[in-house]
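Grab a coffee and open the model in your viewer. Below are a few short exercises, each with a solution worked through in steps.

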Amino acid sequence: MTEVDTAEAKTVDDEDLAGLDEDGDETLILISSEDDTPKEFEISRKAALMCNLVKSILEGDANAKKIPIKKVRGDILELIVTYLKHHNGKKPEEIAKPIRSVKMERIVADKWDADYINGMTKKTIFQVILGANYMDLPSLLHLGCAKIATLIKGKSPEEIKNILADDSNDNKQEENKDDQ
């Protein structure tokens, strides 16, 4: 084998070993498996790789195109996919701790993140936090937790209890209605 042949063979081998980072334009389908009627969301491979769950699945099966996401409802997965598409594989700047403001715009570097999380109800934020935790998506998990921290920052224990209990009281009332 000549030096040129060796160099060409090495290039081909390098391409074969490119792995998860190759072909950023390729798309994947994330499927919400928690619902009776699963919803499918198309997303670029690059964006989806922000989730360590997706990364692990693709490490096990590099040819996977459809990835079921268990324990995450379709409406919540849609919000998570929106977040992933916005960041498109670029990890956002880390949120400084401790939280120094009650305004999300002052806490996050990207105004879009503040608008995104501020547009959700507390109940939805908690569902997104659980989904981000399950999907192992640290940046979204931290964003959701920072939002909850802004809601309770500087509040008395009683006020915190009321803030965090609002949605759960609604659920208990609904459960009681179902029982009757």
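## Exercise 1: Getting your bearings

From the N terminus on, the chain's elements run α-β-β-α-α-β-α-α-α-α-α-α. Keep in mind that you're looking at a predicted model.

**Task.** Work out how many helices and strands there are in the chain, and what share of its residues count as buried.

**Solution.**
- Step 1: tally the elements, and you get 9 helices and 3 strands.
- Step 2: turn to burial, where 34% of the 180 residues count as buried.
- Step 3: look at the surface; the chain exposes about 11,400 Å², with carbon and sulfur atoms supplying 49% of that.
- Step 4: check the contacts with a separation of 6 or more, of which 66% are between residues 24 or more positions apart.

## Exercise 2: Two helices side by side

**Task.** Find how α4 and α6 pack: are they roughly parallel or antiparallel to each other?

**Solution.**
- Step 1: locate the pair, helix α4 at residues 74-87 and helix α6 at residues 111-118.
- Step 2: take the geometry; their axes are 11 Å apart and the packing angle is about 175 degrees.
- Step 3: apply the cut-off, since angles over 145 degrees count as roughly antiparallel. So α4 and α6 are roughly antiparallel to each other.
- Step 4: see who touches whom. From α4 come L79, I80, T82, Y83, H86 and H87, and they meet W112, D113 and Y116 of α6.
- Step 5: sort that contact by class, which gives 5 nonpolar, 3 polar and 1 charged residues.

## Exercise 3: Into the core

**Task.** Which residues have the most contacts inside the largest nonpolar core, and which element gives that core its largest share?

**Solution.**
- Step 1: start from the background idea that nonpolar side chains in soluble globular proteins tend to be buried together.
- Step 2: size up the core here, which has 42 residues; L30, M135, L137, L140 and L143 have the most contacts inside it.
- Step 3: ask where the core's residues come from, and α4 turns up with the largest share, 6 residues.
- Step 4: zoom in on L140. Skipping neighbours within four places in sequence, L140 is in contact with I80, Y83, Y116, V128 and A132.
- Step 5: tie this back to Exercise 2, where I80 and Y83 in α4 and Y116 in α6 were part of the helix contact.

## Exercise 4: Backbone oddities in the loops

**Task.** Where is the cis peptide bond, and which residues other than glycine have a positive phi?

**Solution.**
- Step 1: go to the bond from K97 to P98, which is cis, with omega near 0 degrees. P98 sits in the loop between α4 and α5 (104-107).
- Step 2: stay in the loop between α4 and α5, where you'll also find N88. N88 isn't a glycine, yet its phi is positive at about 45 degrees.
- Step 3: move to K71, in the loop between β3 (66-69) and α4. K71 is another non-glycine with positive phi, near 65 degrees.
- Step 4: compare with the exposure cut-off of over 50%. K71, at 64% relative accessibility, counts as exposed, whereas N88 at 32% is partly exposed.

## Exercise 5: Far in sequence

**Task.** How many Å apart are S33 and K71 in space, C-alpha to C-alpha?

**Solution.**
- Step 1: find S33 in the loop between β1 (27-32) and β2 (40-44).
- Step 2: S33 and K71 are 38 residues apart in sequence, and their C-alpha atoms are 6.9 Å apart.
- Step 3: list what S33 contacts beyond four places in sequence: P68, I69, K70 and V72.
- Step 4: finish with exposure; S33 is partly exposed, at 32% relative accessible area.

Key:
Residues numbered from 1 in each chain as written. Predicted model: local features only at pLDDT ≥ 70, side-chain atom pairs only at ≥ 80, totals over all residues. Heavy atoms only, no water. Helix = DSSP H or I, 4+ residues; strand = E, 2+ residues; numbered from the N terminus. Buried < 20%, exposed > 50% of the residue type's maximum accessible area, 1.4 Å probe, protein only. Contact = heavy atoms within 4.5 Å. Areas by Shrake-Rupley, 256 points an atom, 1.4 Å probe, with all protein chains shown as cover. Axes fitted to C-alpha atoms, helices over the stretch in contact; angles between N-to-C directions. Parallel < 35°, antiparallel > 145°, perpendicular 65-115°, else oblique. Nonpolar A, V, L, I, M, F, W, Y, C, P; charged D, E, K, R; others polar. Core = buried A, V, L, I, M, F, W, Y, C linked by side-chain atoms within 4.5 Å.
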